[in-house]
2 protein chains.
Amino acid sequence: MEHDHIATEAAAAAATAEPATTETATRARTRRAILDAAVTVLSANHGASLADVAEAAGVGRTTVHRYFAERSDLVAALGADVRERLHEATVRARVEEGPAPKALERLCLEYFELGDRLMLLFDVPQFLSWAGFDEETGSDRVLVRLIERGQSEGTVDAEADAEWLQNVLWSLLYAAWMQARDYGTPRHTALSSCLHTLRKAMAAS
Amino acid sequence: MEHDHIATEAAAAAATAEPATTETATRARTRRAILDAAVTVLSANHGASLADVAEAAGVGRTTVHRYFAERSDLVAALGADVRERLHEATVRARVEEGPAPKALERLCLEYFELGDRLMLLFDVPQFLSWAGFDEETGSDRVLVRLIERGQSEGTVDAEADAEWLQNVLWSLLYAAWMQARDYGTPRHTALSSCLHTLRKAMAAS
DNA sequence: GGAAAATGGAACATGGATGTTCCATAACGG
DNA sequence: CCGTTATGGAACATCCATGTTCCATTTTCC
């Protein structure tokens with residue numbers, strides 16, 4: 001009963017990012033702690049148990065279930081959170097301004113800052129292929145349109161398919177983050193390597 | 001007792017690829033069917049159950065356990081199999097011959113043909129970081145050395161770190177295979193996009 | 001300081017994947 | 001063609017993640 005109520009309220013808050021009735025500051029902080037821990041733990045190991053997430057969040061396993069009734073609820077909230085960050089990053093990059101190659105670099109830089117969340121986007125296809133995502137923020141469409149604009153301007157390789165170049169950007173980002181996380185390469189080094197290669201790959205031929 | 005014997009024999013055969021006592025042709029075929037099914041099923045879904053693998057192989061779940069006592073045994077055999085294919089592909093590419101960029105393209109082409117096995121290499125880091133792999137075949141080292149050769153020749157971008165370029169190649173391969181598998185892009189189209197971008201990314205600046 | 005909110009932990013129920021054993025049957029091969 | 005080999009399936013035990021309930025304790029906040 002009361003659990004159902006709490007769970008529903010939590011799901012609603014996570015989905016719409018709007019405290020339905022009025023979410024206490026305490027609860028908001030706990031929720032964030034759980035979501036952040038989930039990003040770290042699940043990006044490192046997809047099959048991690050909720051107990052692992054709870055431990056990483058410095059919280060009891062029971063508490064996790066209080067906020068997210070089922071595992072799928074946590075995953076859904078995680079997806080919403082990641083998509084929101086992705087949208088914010090896209091806005092910060094001001095993709096409409098200036099020459100396309102520069103805009104692509106700004107976008108790449110902002111996305112790189114998403115850190116572990118980047119891995120989740122890549123590893124959990126469900127997050128990007130979520131029904132209604134294109135309609136909501138359209139971050140993906142933004143990228144394709146930016147590339148197409150560059151191709152029209154003559155500043156981006158027009159021989160390559162725009163969707164392919166989009167995947168290239170994602171792949172290079174993923175590679176750079178992996179390099180930083182698993183090989184111990186300093187983040188700024190990995191990022192500048194990534195940007196260097198991205199420039200060459202995108203350049204008009 | 002007898003099961004232990006069978007299991008041990010199977011593990012030895014899988015590890016050394018040499019029928020210890022004398023593996024029947026029937027058993028060899030069944031083993032291959034299971035390994036091939038495992039590649040398909042596990043590359044699509046890491047958490048798939050052994051029952052799924054058995055079904056895909058057209059074999060009883062019991063039979064799977066007869067060949068691979070534990071899940072970890074199957075995974076280990078899978079790793080050995082994939083590494084072997086990777087080695088063969090590397091040999092076919094004749095990386096020592098001709099200019100480095102051409103050799104890189106040959107290598108990329110051969111690796112692309114590994115298909116789903118490619119995804120496993122990428123998704124299960126355990127396979128490539130396996131202790132003793134570098135000593136055994138050294139496929140990874142081969143790639144780095146090839147890139148370094150190109151950098152010496154002046155035919156490959158010397159501003160980028162060789163290990164980074166190695167990761168770029170893997171990432172582009174992964175992206176191309178994903179594009180073919182999930183987006184329905186014809187394989188040859190995805191491959192030529194991949195090679196096109198690879199050429200530009202590797203080119204000396 | 002004290003009521004309300006939030007948490008932690010124990011205990012329990014459940015389901016799915018694993019791994020094992022046994023036996024009847026089918027396929028193989030000399 | 002017949003003995004050996006290989007297989008399928010049922011039944012069973014076990015483990016682990018999940019999800020739920022209850023209660024004592026701590027924390028927050030008025």
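Of the 205 residues in chain A of this predicted model, 48% are buried, that is, under 20% relative accessible area with a 1.4 Å probe and the protein chains only. The secondary structure of chain A comprises twelve helices and zero strands, where helices (H or I) are DSSP runs of at least four residues and strands (E) runs of at least two, numbered from the N terminus. Chains A and B are related as by a two-fold rotation axis, and the surfaces near DNA strands C and D draw on elements of both chains.

**Conventions**

- The model is predicted, so local features need pLDDT of at least 70 and side-chain atom pairs count only at pLDDT 80 or more, while totals for chains, interfaces and linings use all residues.
- Residues are numbered from 1 along each chain as its sequence is written, chains are lettered from A and ligands numbered from 1 in the order in which they are written, and side-chain values use heavy atoms, with hydrogens and water left out.

**Chain A**

- From the N terminus on, the elements of chain A run α-α-α-α-α-α-α-α-α-α-α-α.
- Among the contacts in chain A with a separation of 6 or more, 68% join residues 24 or more positions apart; a contact means heavy atoms within 4.5 Å.
- The exposed area of chain A is about 9900 Å², of which carbon and sulfur atoms supply 53%; accessible areas come from the Shrake-Rupley method with a 1.4 Å probe.

**Relation between the two copies**

- Chain A is superposed on chain B by a rotation of 180° with 0.1 Å of shift along its axis, at an RMSD of 0.1 Å; the fit is by least squares on the C-alpha atoms of residues with pLDDT of at least 70 in both copies.
- The two copies are thus related as by a two-fold rotation axis.
- The same surface serves both copies, as 100% of the contact residues of chain A recur in chain B.

**Surface near DNA strand C**

- DNA strand C is surrounded by 20 residues, the closest being A:Thr24, A:Thr30, A:Thr63, A:Arg66 and B:Arg71; a residue is near a strand if one of its heavy atoms lies within 4 Å of it.
- Sugar or phosphate contributes 50% of the atoms of strand C within 4 Å of the protein, and bases contribute the rest.
- Polar contacts are pairs of N or O atoms within 3.5 Å.
- Phosphate oxygens of strand C lie 2.8 Å from a polar backbone atom of A:Gly60 and 2.8 Å from an N or O atom in the side chain of A:Tyr67.
- A base oxygen of strand C is 3.0 Å from a polar side-chain atom of B:Arg61.
- Two or more residues each come from α2 (25-44) and α4 (61-67) of chain A and from α4 (61-67) of chain B, with α4(A) giving the largest share, five residues.
- The surface near strand C has four nonpolar, ten polar and six charged residues; Ala, Val, Leu, Ile, Met, Phe, Trp, Tyr, Cys and Pro count as nonpolar, Asp, Glu, Lys and Arg as charged, and the others, Gly among them, as polar.

**Surface near DNA strand D**

- DNA strand D is surrounded by 21 residues, of which the closest are A:Arg71, B:Thr24, B:Thr30, B:Thr63 and B:Tyr67.
- Of the atoms of strand D within 4 Å of the protein, 52% belong to sugar and phosphate.
- Phosphate oxygens of strand D lie 2.7 Å from a polar side-chain atom of B:Thr24, 2.4 Å from a side-chain N or O atom of B:Thr30 and 2.8 Å from a backbone N or O atom of B:Gly60.
- The most residues near strand D, five, come from α4(B).
- By class, the surface near strand D has four nonpolar, eleven polar and six charged residues.

Definitions and conventions: Polar contact = N/O pair within 3.5 Å; in protein donor to acceptor, adjacent residues only side chain to side chain. Buried < 20%, exposed > 50% of the residue type's maximum accessible area, 1.4 Å probe, protein only.
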